[in-house]
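Visitor: Please give me a close look at a single side chain and what surrounds it. Set the scene with the whole chain, then zoom in.

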Amino acid sequence: MDRVVIITGSTRGIGFAAAQRFLKEGDKIVVLCRHRSHVINAMRRLAEGIGPDDRIIGFKCDVGSSWDVKKVIEKTLKKWDRIDILVNNAGEAIYKPLEEINVRKFKRIVSTNLKGVFLFTKQTLPAMKAQKEGVIINISSELGFRGQKNYSAYSATNFAIVGFTESMADELLDTGIKVYSLHPGGVATDMYFEMHPEARPEELIAPEQIADVIFDMAKGIKPTGSKIEV
Ligand SMILES: NC(=O)c1ccc[n+]([C@@H]2O[C@H](COP(=O)([O-])OP(=O)(O)OC[C@H]3O[C@@H](n4cnc5c(N)ncnc54)[C@H](OP(=O)(O)O)[C@@H]3O)[C@@H](O)[C@H]2O)c1
């Protein structure tokens, strides 16, 4: 489809599956995470099956770093001159009682799950506004609607994404830019198994299923501000 798609945290799990899905349809993909080796590995795996491809670029980027985010946006625009879709997917979780969550971990979760969404959206908007179109998909969780024990820090950031999405949808009415949030239940990824090692993949949603939903949302057909539960 030849759109330019940035997916944060796309070296594994939901983000990686989404990158595969967009590539399959002919889109161009920006892959990123905090580790250079993971980026290189993911780019190699994404190119498998489609051959040498200049539709994939990758960056080492911490979504909580303004400097890193600025560089990703600058280099993407230099190469492709537009950004059609932003998927704010990078996330970090913790499943522990509050007393066992140290301040450092709490800050990291807020930095990745919330500050990252703020920074990427802020840096992407000028390009989307100039184009007069674009789709931003913020990955929250079912825990962005309902808190549960041991999820205080993670759930709080997912609730925050709902407020951010609703506000941005309102702020960007009539700009041609659609803003959505997505709320999956348990998905069979490293994130889930690290918190629940006893879980069985067949009881969970496959990342490819979420990728299909993201791909569908990226068409921008649903009303802006829509919250999609899976
Ligand atoms: N799995 C679930 O059950 C589930 C359910 C509902 C919602 N979600 C949400 O779905 C999203 C993806 O989750 P997932 O399960 O696919 O997680 P995952 O398998 O742990 O993958 C997370 C991805 O984000 C990257 N990442 C983490 N922190 C980052 C940072 N600060 N900057 C840049 N990249 C970063 C990771 O790479 P590095 O660590 O190498 O940086 C990795 O590529 C998250 O927002 C999560 O909250 C997941």
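Guide: Let's start with charge bookkeeping: Lys and Arg count as positive, Asp and Glu as negative, while His and the chain ends are left out. Each charge is placed at NZ of Lys, CZ of Arg, CG of Asp or CD of Glu. On that count the protein chain carries 33 positive and 29 negative side chains, with the centres of the two sets 6 Å apart. A word on ground rules: this is a predicted model, so local features need pLDDT of at least 70 and side-chain atom pairs pLDDT 80 or more, whereas totals for chains, interfaces and linings use all residues. Numbering starts from 1 along each chain as its sequence is written, and side-chain values use heavy atoms, with hydrogens and water left out.

Now the wide view. Helices (DSSP H or I runs of at least four residues) and strands (E runs of at least two) are numbered from the N terminus. The chain has seven of each, in the order β-α-β-α-β-α-β-α-β-α-β-α-α-β. Its radius of gyration is 17 Å, close to the 17 Å from the globule rule for 230 residues, so the chain is as compact as a globular protein of that length. That radius is taken over C-alpha atoms, and the rule is 2.2 Å times the number of residues to the power 0.38. Along the principal axes, the C-alpha atoms fill a box of roughly 45 × 40 × 30 Å.

What about the inside? Buried means under 20% relative accessible area, exposed means over 50%, and partly exposed is in between (1.4 Å probe, protein chains only). Buried residues make up 50% of the chain's 230. Taking a contact as heavy atoms within 4.5 Å, 70% of the contacts with a separation of 6 or more join residues 24 or more positions apart.

Here's the part to zoom in on: H183, in strand β6 (residues 177–183). H183 counts as buried because its relative accessibility is 0%. For its polar contacts, think of N or O atom pairs within 3.5 Å; within protein, one atom must be able to donate a hydrogen and the other to accept it, and residues adjacent in sequence count only if both atoms are side-chain atoms. The H183 side chain has such a contact with the side chain of S181 at 2.8 Å, and another with the side chain of S140 at 3.4 Å. Setting aside residues within four places in sequence, H183 also has F145, V162 and K227 among its contacts, along with I228, E229 and V230.

Follow the trail to S181 and you meet N138, which has S181 among its contacts beyond four places in sequence. N138 sits in strand β5 (residues 134–139) and is buried, given its 0% relative accessibility. Its side chain makes a polar contact with that of T165 at 3.0 Å. Other residues touching N138 include N88, V117 and L182.

For another stop, try I94, in the loop between β4 (85–88) and α4 (103–131). At 9% relative accessible area, I94 is buried too. Its contacts beyond four places in sequence include Y151, Y154 and M195. The C-alpha atoms of I94 and M191 are 8.9 Å apart, with their positions 97 residues apart along the chain. As a last look, F118 in helix α4 is partly exposed at 42%.
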